[in-house]
Amino acid sequence: MPLKDRLSGLVPRLSHGSGVGLSALLSGSSLGKRATAVGLDIGSRHLKVAVLAATERGIVIEQVAERALPPAMVSGTTILDPEGVTEEVVRLFEEMNIRRPRVTTMVGGNDVFVRRVAMQRMGVQEAIRQLPQNQSLRLPIDPAQNKLELVILDPQADTPTMQTLVVAARKESISIRQRIILEARAALHAVDVDAFALFNVFEYCHADLLKERATLVEIGHEKSIIVIVDRGLLSVARHADLGVSHLIEQLSSSNMLPNEAEHILRSSNPPAIYPDAFRVWGGRLLDEVRRSMSGFRNEGNIGPIYISGGGARIDGLAAFLQDRIDTPVSVFDPFTSMTVGTNVSLRGNRDGATYALAVGLALRQLI
């Protein structure tokens, strides 16, 4: 069956709880929920896979694995060598002994635009049609190059103005990920948005923590995702060009080789040993978090911060950041809140935090 006939348009999905309806930018054929789901996080340096199963005991994390990518295959969120990534995905699936998986993957970074927008109340499809022509919104959206999605955050309200979440993602970026999944002999469930995957897994694990305001920060190698949740609703989703690689550069500026800097980041409490480098890098990260609050009236109330991703592996980072901002900072590790199968083995106490996106992607199929 031709690819265009197998893939539908933008399909909304309600989150499992009472929160907003989030969506994937592109969904596969609607075969319903499956007992086993695979989430694939294609990062700039590693592939990460999480396999989840729906059982009588609830959702169980059955397998996780990661595989290093050769240099220059992915830059940030841009896949430079789709064929090479496909080969690495096939090898990882073979190593994990998973055949014909049903996969959810994601787009993000500069390929995605997410903004909360107030609009005159109307239907979803009418609002989507008006988005590119609405000059008052000043949205940088080209329908020819982007898939568009809009979620009404207050559908039950009777006010003339509605609050919406507008999402656009580059069609080319979506198409590349489609091909990778299908050429890896897998079934595509959806191409989702990275910020939504982070929100979904956190909501699943800690719905009770989202009653007020919370900030989620996924610290990747080259970029970070910042998600602000306000009273259960995803209110801000943005990307910062700051990641672990910039911390390595900061450490390397003091006559240290990059591989030595990476080794230091895996040691015990490196912020205490190299406070100057961490102070500069951590200050930039916290500035990005504060900048994300610019749309709120009460900008000072960031709420507790939860870090995940590769940066969360750095021993002592959460405490170091907390000392520099007037709010609690802790590591978000979904493995401490979900049922984990006996086949799952992690190298350290915080390694589960690096699989937050992969788990959030797989959850999309099961909740």
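In the predicted model, A356 is found in helix 11, which spans residues 356-363. Its relative accessibility is 0%, and because buried residues are those under 20%, A356 counts as buried. Apart from neighbours within four places in sequence, A356 is in contact with L198, V201, E218, S308, F332 and P334. A further pairing across the sequence is that of A356 with N200: the two residues are 156 positions apart along the chain, and their C-alpha atoms are separated by 9.7 Å.

Two of the residues in contact with A356, L198 and V201, also take part in the contact between helix 5 and helix 11. Helix 5 comprises residues 194-206, and its axis comes within 8 Å of the axis of helix 11, with a crossing angle of roughly 85°. Helix 5 is therefore roughly perpendicular to helix 11, since angles of 65 to 115 degrees are classed in this way. On the side of helix 5, the contact is made by D194, A197, L198, N200, V201 and Y204. Helix 11 contributes A356, L357, V359, G360, L361 and L363. By class, nine residues of this contact are nonpolar, two are polar and one is charged.

A second helix pair is formed by helix 6 (residues 244-252) and helix 7 (residues 258-265), which pack at an angle of about 115° with their axes 9 Å apart. This angle makes helix 6 roughly perpendicular to helix 7. The crossing of the two helices is right-handed. From helix 6, the residues that make the contact are V244, L247, I248, L251 and S252; from helix 7, they are P258, A261, E262 and L265. The contact of helix 6 with helix 7 has seven nonpolar residues, one polar residue and one charged residue.

Within this pair, P258 belongs to helix 7. With a relative accessibility of 46%, P258 counts as partly exposed, because the value falls between the limits of 20% for buried and 50% for exposed residues. When residues up to four places away in sequence are not counted, P258 touches I248 and S252, both of which are in the helix 6 part of the contact. P258 and I248 are 10 residues apart along the chain, and the separation of their C-alpha atoms is 6.3 Å.

Helix 2 (residues 82-96) and helix 4 form another pair, in which the axes come within 9 Å and cross at roughly 40°. Helix 2 and helix 4 are therefore oblique to each other. Their crossing is right-handed. P82, V85, T86 and V89 of helix 2 meet I176, I180 and E183 of helix 4. Five of the residues in the contact of helix 2 with helix 4 are nonpolar, one is polar and one is charged.

Helix 4 (171-183) is followed by a loop that leads to strand 13 (187-193), and R185 lies in this loop. The phi angle of R185 is near 60°, a positive value in a residue other than glycine. A positive phi in a residue other than glycine also occurs at A72, where the value is near 70°. A72 is placed in the loop between strand 6 (58-68) and strand 7 (74-75). With a relative accessibility of 64%, A72 counts as exposed, since the value is over 50%.

The loop between strand 4 (36-42) and strand 5 (46-55) contains S44. S44 has a relative accessible area of 13% and is buried, because this value is under 20%. Leaving aside neighbours within four places in sequence, S44 is in contact with V74, G76, H221 and E222.

For the protein as a whole, 11 helices and 19 strands are assigned. The protein has 367 residues, of which 56% count as buried. Among contacts with a separation of 6 or more, 65% are accounted for by residues 24 or more positions apart. The protein exposes about 16,500 Å², and carbon and sulfur atoms supply 47% of this area.

Technical notes:
Residues are numbered from 1 along each chain as its sequence is written. This is a predicted model: local features need pLDDT of at least 70, side-chain atom pairs count only at pLDDT 80 or more; totals for chains, interfaces and linings use all residues. Side-chain values use heavy atoms; hydrogens and water are left out. Helices (H or I, at least four residues) and strands (E, at least two) are DSSP runs, numbered from the N terminus. Buried means under 20% relative accessible area, exposed over 50%, partly exposed in between (1.4 Å probe, protein chains only). Contact means heavy atoms within 4.5 Å. Accessible areas come from the Shrake-Rupley method with a 1.4 Å probe; for residues, only the protein chains shown count as cover. Axes are lines fitted to C-alpha atoms, for helices over the stretch in contact, and angles run from 0 to 180 degrees between N-to-C directions. Angles under 35 degrees count as roughly parallel, over 145 as roughly antiparallel, 65 to 115 as roughly perpendicular and the rest as oblique. A crossing is left-handed if the near helix is turned anticlockwise from the far one by less than a right angle, and right-handed if clockwise. Ala, Val, Leu, Ile, Met, Phe, Trp, Tyr, Cys and Pro count as nonpolar, Asp, Glu, Lys and Arg as charged, and the others, Gly among them, as polar.
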